[in-house]
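Please look through the structure shown below together with its sequence. The report that follows goes through selected parts of the chain in running text.

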Amino acid sequence: YPIYGHWVWGGGWLSTLSIGAGVKDFAGCACVHTIGGIMAFMGAWILGPRKGKYNPDGTPNAIPGHNLVFVVIGTLVLAFGWFGFNAGSTLAATDLRMSVVATNTFIAAAAGATIMLFLQWGLTGYIDVPYLCNGALAGLVAITAPCAYVAPWAAVAIGVLSGLIMRGAVWLVDVVFKVDDPLGAVAVHAANGIWGMIAVGIFADGTYQGVSGLITGSGAQLLAKSIGTVVAIGWALVWGAAIFFTLKYTMGLRVSELAEHEGVDIHIHG
């Protein structure tokens, strides 16, 4: 986090690229979510799936959480916090762009949740609460970089697409890569951290800090964002592999077979 964050936020080489306005990541799509999501992918891959997650033929089984009330409360707490770090990333309450940031943050979250509500309803015949919550979080992740640079209509588009991207990434990670990601962290944070960066290069309207995207006829910002995103992915992959392989072959990453079978809570909390 701190090293890549310096490259973008601390006057480092990505922020000073002579392409467009350099790499702009207002509140952390790449600096926070892409880095964290790719690290999570490496950690989950190296750790290996939970017992019973995959059948002998490789098909995945759903292992649902036990308390949807906690899921919803946690999502709302996260969503509330998002207004702090998105709007707070103006770094001054006197910067009235804060109002646009907060509005776009709320709109994208609502759009991500809404598209997942109707998509899962259409596919399964019922409203899937965890997917609805992850849809909201996907919208929040995707708007983290563009929140200050786009108009509210673009926040709707970004949020809707974030929900669809999250749903597709869940399938990709679960079924194709066969990586057990219990909370959909890779789909929410990595996939939509990447989408949020690209979205700036598409939807930025030039009204703040001189950041202009494809809708203004400028492709330079999209190129800068693509470079910044590829660097973030590569940086996190390398460090993820180094950290988690080191842990695996020194102190170990997994609990014992007995602890996993009986439940980790029992072994930790009694």
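Gly 20 is exposed, because its relative accessible area is 55%, where exposed means over 50%, buried under 20% and partly exposed in between, with a 1.4 Å probe and protein chains only. Gly 20 sits in the loop between α1 (2–9) and α2; helices (H or I, at least four residues) and strands (E, at least two) are DSSP runs, numbered from the N terminus. Although Gly 20 and Gly 210 are 190 residues apart along the chain, their C-alpha atoms are separated by 8.9 Å.

The model is predicted, so that local features need pLDDT of at least 70 and side-chain atom pairs count only at pLDDT 80 or more, whereas totals for chains, interfaces and linings use all residues. Residues are numbered from 1 along each chain as its sequence is written, and side-chain values use heavy atoms, with hydrogens and water left out.

Two further pairs can be described in the same manner as the glycines. Tyr 208 belongs to the loop between α7 and α8 (220–248) and is buried at a relative accessible area of 13%, and its C-alpha atom is separated by 7.0 Å from that of Ala 148, a residue 60 residues apart from Tyr 208 along the chain. Ala 151, in the loop between α5 (129–143) and α6, is likewise buried, with a relative accessible area of 16%, and between Ala 151 and Val 100 the C-alpha to C-alpha distance is 8.0 Å, at 51 residues apart in sequence.

The backbone also deserves a look. Lys 178, although not a glycine, has a positive phi of about 55 degrees; this residue lies in the loop between α6 and α7 and is partly exposed, its relative accessible area being 40%. Gln 209 also is not a glycine and has a positive phi of about 55 degrees, and its place is in the loop between α7 and α8, where Gln 209 counts as partly exposed at 44% relative accessibility.

Gln 209 leads on to a pocket, since it is among the residues that line the second largest pocket, a group that also includes Val 8, Trp 9, Lys 24, Asp 25, Phe 26 and Tyr 149. On a 1 Å grid over the protein atoms alone, a pocket is an open set of points with protein on both sides within 12 Å along at least five of seven lines, in contrast to a cavity, where a 1.4 Å probe fits but cannot get out, and lining residues have an atom within 4 Å of a point. About 260 Å³ of space lies in this second largest pocket, the volume being the space filled by probe spheres set on the points, which are joined across faces, edges and corners. Its lining has six nonpolar, three polar and two charged residues, where Ala, Val, Leu, Ile, Met, Phe, Trp, Tyr, Cys and Pro count as nonpolar, Asp, Glu, Lys and Arg as charged, and the others, Gly among them, as polar.

How many salt bridges does the structure hold? It holds four, a salt bridge being a side-chain nitrogen of Lys or Arg within 4 Å of a carboxyl oxygen of Asp or Glu. The table lists salt bridges from this structure.

| Salt bridge | Closest N to O distance |
|---|---|
| Arg 50 and Asp 180 | 2.8 Å |
| Lys 51 and Glu 257 | 3.4 Å |
| Arg 254 and Glu 260 | 2.9 Å |

The side chains of Arg 50 and Asp 180 meet in a salt bridge. Arg 50 lies in the loop between α2 (29–47) and α3 while Asp 180 lies in the loop between α6 (152–176) and α7 (185–203), so this pair ties together parts that are 130 residues apart in sequence. Arg 50 is partly exposed at a relative accessible area of 28%, whereas Asp 180 counts as buried at 4% relative accessibility.

Lys 51 forms a salt bridge with Glu 257. Because Lys 51 lies in the loop between α2 and α3 and Glu 257 in helix α9 (residues 257–262), the pair ties together parts that are 206 residues apart in sequence. Both Lys 51 and Glu 257 are exposed, while Arg 254, which pairs with Glu 260, is partly exposed with a relative accessible area of 37%.
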